[in-house]
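Trainee: Before we start, I would like to go through the labels attached to this model and hear the reasoning behind each.

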Amino acid sequence: MKLRLIELLQKVMIKMGLFLKFKDAFFSHPAEPLFRIKKILSDSGKRNLIIIDIGAADGMVSYYFSQQFPQSKVISFEPNPAEFKKAVEVNERNLNVEVRNLALSSSPGIQKMHILDNSFSSSLLEPTEGIPDQKMSAKLKVNNTLQVKTSTLDIELGAVKSIDLIKIDTQGTELNILKGATEVLKNTDYILIEQNNNDYYKGGCQYFEVDGFLRENGFELYDIITTYKSNSHLKEFDAIYKKVRC
């Protein structure tokens, strides 16, 4: 009997190992965070939403939200002129989408933006050279730099009384953006934010720093979606935070 149990356990463990490899390789989709937050917002029953898309890139995320919630207002921020142009073109017929060519940070001013070969990886932060992750390293080659105007969420949206969702994906500057939004966060229900467990960008914020700041400002962790692993090591994930209402 003992031998049979050991053999059964070995078979289960072998299958579990194959399952985990298969899961990491095939059961991860970059759009999953959007579907998850869409369901949360839909289940709320509210239709006239205010959605903020920070790091809008080519505007497709803003477009997605505008189609899923046609009665809502989507305000997008994208500092890269080339991506901003795409975002405007993608959403030119969406009257409920406003795209602003602006970077957000902890304070207003002018900052250098690093435009990468993989445009979606562009950032106000300089990429780290010589990282061992070859797949990611190939995406972090700087093609150009330019000066961009920065503002804060409190300056840009301080007059907005209620925000349903803030989505932030800015390659390591997420914490700086949150620090410039302490008033806006008081009136925000959900945050969908990219979290970093890596050193891909010099001075990039780490997940525990963002988590601590959001908890200090009245949010609780609601969900986690794995977005990137390197040799089974979690490097990036998206997190959904919910405002704690008394």
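The exchange below takes some of these labels in turn.

Mentor: Keep in mind that the model is predicted. The protein has nine helices and 10 strands, and buried residues make up 45% of its 246 residues.

Trainee: Why does Tyr190 count as buried?

Mentor: Buried means under 20% relative accessible area. Tyr190 has 12% relative accessibility, so Tyr190 counts as buried.

Trainee: And what makes Tyr222 partly exposed?

Mentor: That term covers the range between buried, under 20%, and exposed, over 50%. Tyr222 is at 42% relative accessibility, so Tyr222 counts as partly exposed.

Trainee: Why are Tyr190 and Tyr222 called an aromatic pair, and why edge-to-face?

Mentor: The structure holds five aromatic pairs. In the pair of Tyr190 and Tyr222, the rings are 6.0 Å apart, centre to centre, with 85 degrees between the planes. Ring centres within 6.5 Å make a pair, and planes over 60 degrees apart make it edge-to-face, so both labels apply.

Trainee: Which parts does that pair tie together?

Mentor: Tyr190 belongs to strand β8 (residues 188–196) and Tyr222 to strand β9 (residues 219–230), so the pair ties together parts 32 residues apart in sequence. Elsewhere, ring pairs link Phe35, Tyr64 and Phe65 into a cluster.

Trainee: What makes the lining of the largest cavity three nonpolar, five polar and one charged?

Mentor: The lining includes Tyr200, Tyr201 and Cys205, along with Asp199. Tyr and Cys count as nonpolar and Asp as charged, while Gly, Asn and Gln count as polar, so the lining divides that way. About 40 Å³ of space lies in this cavity.

Key: Residues numbered from 1 in each chain as written. Predicted model: local features only at pLDDT ≥ 70, side-chain atom pairs only at ≥ 80, totals over all residues. Heavy atoms only, no water. 1 Å grid on protein atoms, 1.4 Å probe; cavity = no way out; pocket = protein on both sides within 12 Å on 5 of 7 lines; lining within 4 Å. Points joined across faces, edges and corners; volume = space filled by probe spheres on them. Helix = DSSP H or I, 4+ residues; strand = E, 2+ residues; numbered from the N terminus. Buried < 20%, exposed > 50% of the residue type's maximum accessible area, 1.4 Å probe, protein only. Phe/Tyr/Trp six-rings, centres within 6.5 Å; stacked < 30°, edge-to-face > 60°.
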